[in-house]
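Subject: Structure for you to look at

Hello,

Here is the structure I said I would pass on. My notes on what was found follow below the display.

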Amino acid sequence: MGKFNLYCLPEQINEMDYIVATYYCEFPGDIDIVAKAASFAVGQTVGTWVPVPGITEEMRERNMGRVVNIYDTPPTELTSQLDEGKRAYLLEIAFPTINFGADFPMMLTTLLGNDASTSTQAKLLDVRMPRSFAQSFNGPNFGIQGTRDAVGVQDRPLLMTMIKPCTGITPKVGAELFYNAAIGGIDLVKDDELLGDTEFSPVVDRVIEYNKAADRIYEETGFRPVYVVNITGDAVHLVDRAKRVIDAGAKAVMASYAAVGYSAFHGLAKELKKLNVPLMGHYASSGMYFEGPLSGLGSHLAVGRFPRLAGADFIMTNTPYGGYPLQYEKYIKAVQHLTLPFYDIKPTMPIMGGGVHPGLTEQFLKDCGEDIILAAGGAIHGHPMGPAAGAKAMRQSIDAAMAGIPLDEAAKQHKELAKSLELWGYVKA
């Protein structure tokens, strides 16, 4: 096998139908890293750990992975600079897209299979995709603008809350909680991710009862909040459950993409395109994909690029402000992968979740701009003046931030906001 089959420069691979994956790896100092990278590229495409008959030159050219780059960290050029202990590397490996196509399970198996033919523990840091391959996925059906159109709000961040308590309540009880919070100015009300299709709260019954609450609010205010029903569950029944709740009147649905799997989520998005209903993605269970320092994938892929490709129109996004120890730059990078131009794929609207309260509004707008959704739970339902006051406080913080008025100044005119800042503080951007 000639080396030209295994190695190529970035300029060559950029003109070909390959995904270029970047990995972080650690190895003993005496390892032959060139051979190890080649083993990775071959083992995850056409090869095994021993030569086998049947691999032709044509197959190698069409189906074999290639080594694009090997970087050591820190970079060393001389043998006298080497550490005899463990060394760290960044490997760039190119995989031909013809091997898996727009298929999440096979793509992830190729990128992270790490079977016995490679024996490589590696963390997937990033992927570069050719235009034709990326656009063969569904991507968001609505995207940011379509989500705004569906809600009916164009000129400010959207406001979302979730029903609290998280679970254990009947649809009628939940409908009252829905009404009591949303009457204060909520745009979207979602189920908590812990509440699925249960005996005590069937999803169809929730849609019927919560829509009644939304109708009451419309009659009193002229604005109808959108209920986002959680249909997360067995992937076999996911599409059927979506159709049932839409038949019952649902205007938006939610699924936890990491729990049901990117592929099931992708299939759901393709069905919802026919039904013209937006899809919310939730990050629940996503930590198992990215929290390992030497395995899994980068968080911006797990909660950003991949769910965007799979079709999330708006998506719950982890932040560093709610107690989860996420690094600031990782949060920003995930938002960028959701929103920055990515060929012709629509952007996904980020939802700021986890410990959101009025005192953080300025910070979120500084971090991510206006095309976001602020999702507050405890700060609304736990407001001392009641959930409607909690919703008003959030709206007051949004209006002040959009007008460039410091929140402590705005609080002098709004008792609901003042109480929130007193309880939960003010993070000045």
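Strand 9 (residues 279-282) and strand 10 run parallel and are joined by two bridges. One pairing to look at is that of M280, whose bridge partner in strand 10 is F314. Please keep in mind that this is a predicted model.

Strand 10 also pairs with strand 11 (residues 349-352), again in the parallel sense, over four bridges. On that side, I315 stands opposite P350 of strand 11. The side chains of strand 10 are split between two directions: F314 and M316 point one way, I315 and T317 the other, and all of them are buried.

Just after this strand comes N318, in the loop between strand 10 (314-317) and helix 14. Is N318 buried or exposed? Its relative accessible area is 18%, and the cut-off for buried is under 20%, so N318 counts as buried. Setting aside residues up to four places away in sequence, N318 touches Y283, Y324, L326 and Y331.

N318 leads on to the empty space inside the model. A search of the whole structure finds one cavity of 30 Å³ or more, and the largest cavity holds about 50 Å³ of space. N318 is part of its lining, together with F290, S299, V303, Y324, L326, K330, Y331 and A334. Y324, L326 and Y331 are thus named both in this lining and among the contacts of N318.

Which helices supply at least two residues each to the lining of the largest cavity? They are helix 13 (299-310) and helix 14 (328-339). Helix 14 provides the largest share, with three residues. By type, the lining of the cavity divides into six nonpolar residues, two polar and one charged.

The largest pocket is a separate entry in my notes. Its volume is about 350 Å³. There are 17 residues in its lining, and K123, F290, S299, Q327 and K330 lie nearest its centre. F290, S299 and K330 also appear in the lining of the largest cavity. Strand 4 (123-128), helix 13 and helix 14 each give at least two residues to the lining of the pocket, and strand 4 gives the most, with three. The pocket lining consists of seven nonpolar, five polar and five charged residues.

G298 is worth a look alongside K123 and F290. G298 sits in the loop between helix 12 (287-290) and helix 13. With a relative accessibility of 8%, G298 counts as buried. Its C-alpha atom is 7.4 Å from that of K123, although the two residues are 175 apart along the chain. Apart from its neighbours within four places in sequence, G298 is in contact with K123, L124 and F290.

The last item is helix 2 (residues 33-43). Eight of its 11 residues are buried, so the rest of the structure largely encloses this helix. The buried ones are I33, K36, A37, A38, F40, A41, V42 and G43. What do they pack against? Their partners are strand 1 (18-28), strand 2 (66-73), strand 3 (86-96) and helix 4 (104-112). At the start of helix 2, a side-chain oxygen of D32 comes to within 3.2 Å of the backbone nitrogen of V34.

Regards

Notes
Residues are numbered from 1 along each chain as its sequence is written. This is a predicted model: local features need pLDDT of at least 70, side-chain atom pairs count only at pLDDT 80 or more; totals for chains, interfaces and linings use all residues. Side-chain values use heavy atoms; hydrogens and water are left out. On a 1 Å grid over the protein atoms alone, a cavity is a set of points where a 1.4 Å probe fits but cannot get out, and a pocket is an open set with protein on both sides within 12 Å along at least five of seven lines; lining residues have an atom within 4 Å of a point. Grid points are joined across faces, edges and corners, and a volume is the space filled by probe spheres set on the points. Ala, Val, Leu, Ile, Met, Phe, Trp, Tyr, Cys and Pro count as nonpolar, Asp, Glu, Lys and Arg as charged, and the others, Gly among them, as polar. Buried means under 20% relative accessible area, exposed over 50%, partly exposed in between (1.4 Å probe, protein chains only). Contact means heavy atoms within 4.5 Å. A polar contact is a pair of N or O atoms within 3.5 Å; within protein, one must be able to donate a hydrogen and the other to accept it, and residues adjacent in sequence count only if both atoms are side-chain atoms. Two strands pair if DSSP finds at least two bridges between them.
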